[in-house]
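Student: I'd like to go through a protein model with you, starting with the words I need for it. Could you put it up?

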Amino acid sequence: VVYNATSNEMIRTKTLVKGAIVTIESGPFRQWYYKHYGILLGKKRATDKVIKDEDLSKSRKARWASRIAGRTIDKSLSDQFKSGKVLAKVSSRPGQVGRADGYVLEGAELAFYQ
């Protein structure tokens with residue numbers, strides 16, 4: 001827990017509550033982004049590729065090309081992917097089950113918590 005509007009006590013004890021800002025690892029998001037857009041986040045250059053063009057099918061190349069046309073990513077969010085940690089907000093009320101739903105912060109909300 002990085003930030004909690006309710007109390008600093010919840011930060012010290014790392015209590016998960018609805019609305020808490022937490023850091024999570026960026027690995028699963030990087031994998032999804034690569035599968036969806038064909039671009040590895042967190043690389044020094046956007047042109048760095050893992051798979052050679054010969055190994056990809058024509059349909060996958062076409063799908064990625066159509067998705068890249070409308071793609072934008074904020075500089076502060078890409079910097080977080082380079083560091084390996086991403087800020088997220090807990091949107092559900094975590095209980096005894098051990099599951100907490102939330103979303104990755106971006107835009108003005110991310111700028112506020114940084």
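Tutor: This is a predicted model, and before we look at single residues it helps to know that buried means under 20% relative accessible area, exposed means over 50%, and partly exposed is what lies in between.

Student: OK, then what about K14, buried or exposed?

Tutor: K14 has a relative accessible area of 59%, so by the cut-off of over 50% it counts as exposed.

Student: Where does K14 lie?

Tutor: K14 belongs to the loop between helix 1, residues 8-12, and strand 1, residues 21-25. Its backbone is worth a look too, since the phi of K14 is near 60°, which is a positive value in a residue other than glycine.

Student: And S26, is that one buried or exposed?

Tutor: S26 is buried, because its relative accessibility is 2% and the cut-off is under 20%. S26 sits in the loop between strand 1 and helix 2, and, if we leave aside neighbours within four places in sequence, it is in contact with F81, G84, K85 and V86.

Student: Let's zoom out. How many helices and strands does the chain have?

Tutor: There are five helices and three strands in the chain, and reading along the sequence gives the pattern α-β-α-α-α-β-β-α. The radius of gyration is 17 Å, well over the 13 Å that the globule rule gives for 114 residues, so the chain is more spread out than a compact globule.

Student: What box do the C-alpha atoms fill?

Tutor: Taken along the principal axes, the C-alpha atoms fill a box of roughly 55 × 30 × 20 Å. Buried residues make up 24% of the 114 residues, and, among contacts with a separation of 6 or more, 55% are between residues 24 or more positions apart.

Student: Back to helix 2, which residues are buried there?

Tutor: In helix 2 the buried residues are Y33, Y34 and Y37. Looking down the axis of helix 2, you would find these buried residues within an arc of 100°, so they line one face of the helix. On the other side of helix 2, Q31 and K35 are exposed.

Student: What covers the buried residues of helix 2?

Tutor: The cover includes helix 3, residues 58-68. Right after helix 2 comes G38, whose phi is positive, near 80°.

Student: What about helix 4, which of its residues are buried?

Tutor: Helix 4 has S76, L77, S78, Q80 and F81 as its buried residues. What covers them includes helix 2, strand 2 (85-90), strand 3 (102-104) and helix 5 (108-113). Just after helix 4, G84 takes a positive phi of about 95°.

Student: New topic, what volume does the largest pocket have?

Tutor: The largest pocket has a volume of about 250 Å³. It is lined by 14 residues, and the closest to its centre are Y33, I73, L77, F81 and E106. Helix 2 (27-37) and helix 4 (75-83) are the elements that give two or more residues to this lining.

Student: Which element gives the largest share of the lining?

Tutor: Helix 2 does, with four residues in the lining of the largest pocket.

Student: And how many of the lining residues are nonpolar, polar or charged?

Tutor: The lining of the largest pocket has nine nonpolar, two polar and three charged residues. Two names link this with what we saw before, as Y33 is buried in helix 2 and F81 is buried in helix 4.

Terms used:
Residues numbered from 1 in each chain as written. Predicted model: local features only at pLDDT ≥ 70, side-chain atom pairs only at ≥ 80, totals over all residues. Heavy atoms only, no water. 1 Å grid on protein atoms, 1.4 Å probe; cavity = no way out; pocket = protein on both sides within 12 Å on 5 of 7 lines; lining within 4 Å. Points joined across faces, edges and corners; volume = space filled by probe spheres on them. Nonpolar A, V, L, I, M, F, W, Y, C, P; charged D, E, K, R; others polar. Buried < 20%, exposed > 50% of the residue type's maximum accessible area, 1.4 Å probe, protein only. Arc of directions from axis to C-beta. Contact = heavy atoms within 4.5 Å. Rg over C-alpha atoms; globule rule 2.2 N^0.38 Å.
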